[in-house]
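Trainee: I should like to learn how to read a protein model, one feature at a time. May we take the features in turn?

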Amino acid sequence: MSGPVTIRTRKFIRNPLLSRRQMVVDVHHLGKANVAKSELQAKIAEMYKVSDPQLVVCFGFRTQFGGGRSTGFCLIYDKLDKLKQFEPKYRQVRNGVIERKETSRKQIKESKNRGLKVRGTGRRIQKHKTKRANR
């Protein structure tokens, strides 16, 4: 009983400083709980004639009370290197652009505490070493 999905964009802005297009996306999905972000990415890439759907970043979707309609935000980058430069790391991981590095909480906390023990001018160097160790 899944009905058709219609996508409308509004508040479209061309942002040349960040080399991207940004807009608010309204999705009408009667008969469906919600629409997958990958499906939305593909449809928006097709709408705006984007070569690679990975350049389309969708986030912040909220389904309206009663269902059938969702609203979110969408960014379409011109190039992949600009996406990597301006997009936050967690969204890049979500989008499949980069792989997430697995580190344990204990390891992160131990390195932080080692950095706290150092005083004076060596503190900056120690912080740099702990950041390098956690990469």
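Trainee: Which residues is C74 in contact with, leaving aside its neighbours within four places in sequence?

Mentor: One should first recall that this is a predicted model. A contact is read from the distance between heavy atoms, with a cut-off of 4.5 Å. By that reading, and with neighbours within four places in sequence left aside, C74 is in contact with R21, Q22, M23, V25, I44, V56, V57 and C58.

Trainee: Where does C74 lie, and is this residue buried or exposed?

Mentor: C74 lies in strand 4. A residue is called buried when its relative accessible area is under 20%. C74 has a relative accessible area of 0%, so C74 is buried. For a sense of distance, C74 and V50 are 24 residues apart in sequence, and their C-alpha atoms are 13 Å apart in space.

Trainee: Q22 appeared among the contacts of C74. What does Q22 itself touch?

Mentor: Q22 is found in strand 2. Residues up to four places away in sequence are not counted, and Q22 then touches K11, F12, I13, N15, F73, C74 and L75. Its relative accessible area is 13%, and therefore Q22 is buried.

Trainee: Which side chains form polar contacts with the side chain of Q22?

Mentor: A polar contact is read from a pair of N or O atoms within 3.5 Å. The side chains of Q22 and R20 are joined by such a contact at 2.8 Å. Another, of 3.4 Å, joins the side chains of Q22 and N15.

Trainee: May we treat H29 in the same manner? In which strand is H29 found?

Mentor: H29 is found in strand 2, which covers residues 20-29. With a relative accessible area of 0%, H29 is buried. Its side chain has a polar contact of 2.7 Å with the side chain of S70, and it reaches the backbone oxygen of K32 at 3.1 Å. Not counting residues up to four places away in sequence, H29 touches P4, V5, N34, V35, T63, G68, R69 and S70.

Trainee: Let us turn to backbone angles. Which sign does phi have at K11 and at K49?

Mentor: For K11, phi is positive, at about 55°, although K11 is not a glycine. K49 is likewise not a glycine, and its phi is positive at about 55°. K11 is found in strand 1, residues 5-15, whereas K49 is found in the loop between helix 1 (37-47) and strand 3 (56-63).

Trainee: Are K11 and K49 buried or exposed?

Mentor: A residue counts as exposed when its relative accessible area is over 50%. K11 has 62% and is therefore exposed. K49 has a relative accessibility of 75%, so K49 also counts as exposed.

Trainee: How is I108 to be classed?

Mentor: There is a class between the other two, called partly exposed. I108 belongs to it because its relative accessible area is 37%. I108 is found in helix 4, residues 105-117. With residues up to four places away in sequence not counted, I108 touches T103 and N134.

Trainee: How many ångströms apart in space are I108 and K32, and what of K79 and G122?

Mentor: Such distances are taken from C-alpha to C-alpha. I108 and K32 are 42 Å apart in space and 76 residues apart in sequence. K79 and G122 are 40 Å apart in space and 43 residues apart in sequence. K79 lies in the loop between strand 4 (69-77) and helix 2 (80-86), and at 53% relative accessibility K79 counts as exposed.

Trainee: How many helices and strands does the protein chain have?

Mentor: The protein chain has 5 helices and 4 strands. Along the sequence they follow the pattern β-β-α-β-β-α-α-α-α. The radius of gyration is 20 Å, well over the 14 Å that the globule rule gives for 135 residues, so the protein chain is more spread out than a compact globule. Its C-alpha atoms fill a box of roughly 60 × 35 × 20 Å along the principal axes.

Trainee: What share of the residues in the protein chain is buried, and how many charged side chains are there?

Mentor: Buried residues make up 31% of the 135 residues. There are 34 positive and 10 negative side chains, and the centres of the two sets lie 11 Å apart.

How values were computed: Residues are numbered from 1 along each chain as its sequence is written. This is a predicted model: local features need pLDDT of at least 70, side-chain atom pairs count only at pLDDT 80 or more; totals for chains, interfaces and linings use all residues. Side-chain values use heavy atoms; hydrogens and water are left out. Helices (H or I, at least four residues) and strands (E, at least two) are DSSP runs, numbered from the N terminus. The radius of gyration is taken over C-alpha atoms; the globule rule is 2.2 Å times the number of residues to the power 0.38. Buried means under 20% relative accessible area, exposed over 50%, partly exposed in between (1.4 Å probe, protein chains only). Lys and Arg count as positive and Asp and Glu as negative; His and the chain ends are not counted. The place of a charge is taken as NZ of Lys, CZ of Arg, CG of Asp or CD of Glu. A polar contact is a pair of N or O atoms within 3.5 Å; within protein, one must be able to donate a hydrogen and the other to accept it, and residues adjacent in sequence count only if both atoms are side-chain atoms.
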